[in-house]
Amino acid sequence: MATFSKASRLCGAVTMQPKQLWSLLLSRILPKLLGLPGILLKKFRKEGVMELDAAALPELPQDVLMDIFGTLEVPDLIRAGSVCSSWHATYKCLLDLRQYKQPQTPCLFYTCESAGSNVGFLYSLKENRSYKLTLPEPPIRSRLLIGSSNGWLITADERSELHLVNPITGEQVALPSVITIEHVKPIFDASGTIRMYELSYQTPPDLFDLGDLRDELYFKAFVFPDPSTTGSYIVVLIHEPYSRLSFARPGDDKWTWVGQGSQYKDCTYVDGLLYTVNYSGEIDAFDFTASPVKMTVIMKELKYPVCENMYIIQAPWGDLLHVWRTIDVPPNAPPWVPGKCMVETLKIQVHKVDLEAKQRVEINRLQCDSVLFLGHNDSLCLSTQVHPELKSNHAYFTDDFKELTVLLKNCMRDMGVMDLENSVKKEIVSQIWSNWPCPTWITPNLMKLNQAFNR
């Protein structure tokens, strides 16, 4: 198991032995640098060229190295940046100039009770291995994970306050306070300290302890790049009451409540518009550049709700996809066993959203040999032509059924890989995770956020 230490985050290095570095160079970097044929690489290995000598590394201009480094996924990029000072300078320049845009294969983020409260792991589907990371305070195992987008986890701490955290870089950003969300009011004690929260969307209002509000209030959160400003972003939150929307941009000291639409399950940001899908299958589009925010109904709701979870995804070929995930007790299920969840994912259906005809068209096979990633992450559709290690026309899913992930924190999770053609499921990997916080997909990202929020 590789380790991203605190020192690694500061200098961009991953501790590796010389043999590991040469293995990386011979198998992944040198062929790109020099066009070496496979027979020559075998000769290097056979002759035992395994001891690292920085002086013997290829001397190439930094711009050429940057082009090569730009083709590596995050783990290999960090390893390359640890080879020598000149390669580290290239690595740092690539990130500082924001020129690193290599598509990343999603990893499974999880925790393990025996590893400690501040430790998280990334399981790489590409390498079939886990990386260990030490995360900043507060302890990750004390947080509720409510989203994962563009390399960032969105978490709620034991006071129900929200934070963005990048598990690879260790960067953390505090989001506007929970007391600025519509319908949430603080209750102070005699000393002026917040001791409870009031959630006031019914009569009488509900009262919550500081750590309990998060379980009721939050459903899902997202971090989307803001195309209007380079390096900026927008955070979108689905929350109670009635699973409505709020959002915040860097510099904001409070959440902006949208106040339109309700019962949302998922959203995606495409060309400046936020597309959402709700429990009834209605698809809406929100223009956040308008004041007030403008909402347009794209597709009317289904006559009958057809499944427990719905997702809205932009496909690599440009279409919007409406995905239905059926969760239920399987037929002929055995008697309930403590610690085992009785419901599980039984079927995943994919529909193309025809915006002109205002119709949903079911598709049995994804174009471009694509795959889906579903869960508390930003819902993804990726091409196996770019990610050949993934299984085409499959859905990689983690548990995001709130009624179970929040209420039954120690229950086994509904996770796996499903063939979209026949609904046959397989496990991702033998269980290596703790059931709380619930594991989620994350797409590695080394880019820093340029701006912070105000509290």
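This report describes a four-stranded sheet, a hairpin, a helix pair and one loop residue in a predicted model.

## The open sheet

Strands β5, β6, β7 and β8 form an open sheet of 4 strands, arranged in the order β5-β6-β7-β8 and paired in the antiparallel sense. The edges of this sheet are taken by β5, which covers residues 144-149, and β8, which covers residues 172-174; each has a single partner strand, so one side of each is left without a neighbour in the sheet. On average, and with direction ignored, neighbouring strands here are turned by 25 degrees against each other.

Within the sheet, the pairing of β6 (residues 152-156) with β7 (residues 162-165) is antiparallel and runs over 4 bridges. One position in this pairing can be picked out by residue, since Leu153 stands opposite Val165 in β7. As background, strands of a sheet pair through backbone hydrogen bonds, and the pairing may be either parallel or antiparallel.

## The β10-β11 hairpin

Further along the chain, β10 (residues 194-199) pairs with β11 (residues 206-209), again in the antiparallel sense and over 4 bridges. The connection from β10 to β11 is a hairpin that passes through 6 residues, and Met196 stands opposite Asp209 in β11.

## The packing of α4 and α6

Helix α4 (residues 62-69) packs with helix α6 (residues 85-96) at an angle of about 70 degrees, and the axes of the two helices lie 9 Å apart. An angle from 65 to 115 degrees counts as roughly perpendicular, and α4 is therefore roughly perpendicular to α6. The crossing of the two helices is right-handed.

On the α4 side, the contact is made by Gln62, Leu65, Met66 and Phe69, while α6 contributes Trp87, Ala89, Thr90, Tyr91, Cys93 and Leu94. By residue class, the contact of α4 with α6 divides into 8 nonpolar and 2 polar residues, with no charged residue taking part.

## Ser232 in its loop

Ser232 is placed in the loop between β12, which spans 218-225, and β13, which spans 233-239. The relative accessible area of Ser232 is 10%, and because a value under 20% counts as buried, this loop residue is classed as buried. The C-alpha atom of Ser232 is separated by 7.3 Å from that of Pro250, although these residues are 18 residues apart along the chain.

Conventions: Residues numbered from 1 in each chain as written. Predicted model: local features only at pLDDT ≥ 70, side-chain atom pairs only at ≥ 80, totals over all residues. Heavy atoms only, no water. Pairing = 2+ DSSP bridges. Axes fitted to C-alpha atoms, helices over the stretch in contact; angles between N-to-C directions. Parallel < 35°, antiparallel > 145°, perpendicular 65-115°, else oblique. Left-handed = near helix turned anticlockwise from the far one by under 90°. Contact = heavy atoms within 4.5 Å. Nonpolar A, V, L, I, M, F, W, Y, C, P; charged D, E, K, R; others polar. Buried < 20%, exposed > 50% of the residue type's maximum accessible area, 1.4 Å probe, protein only.
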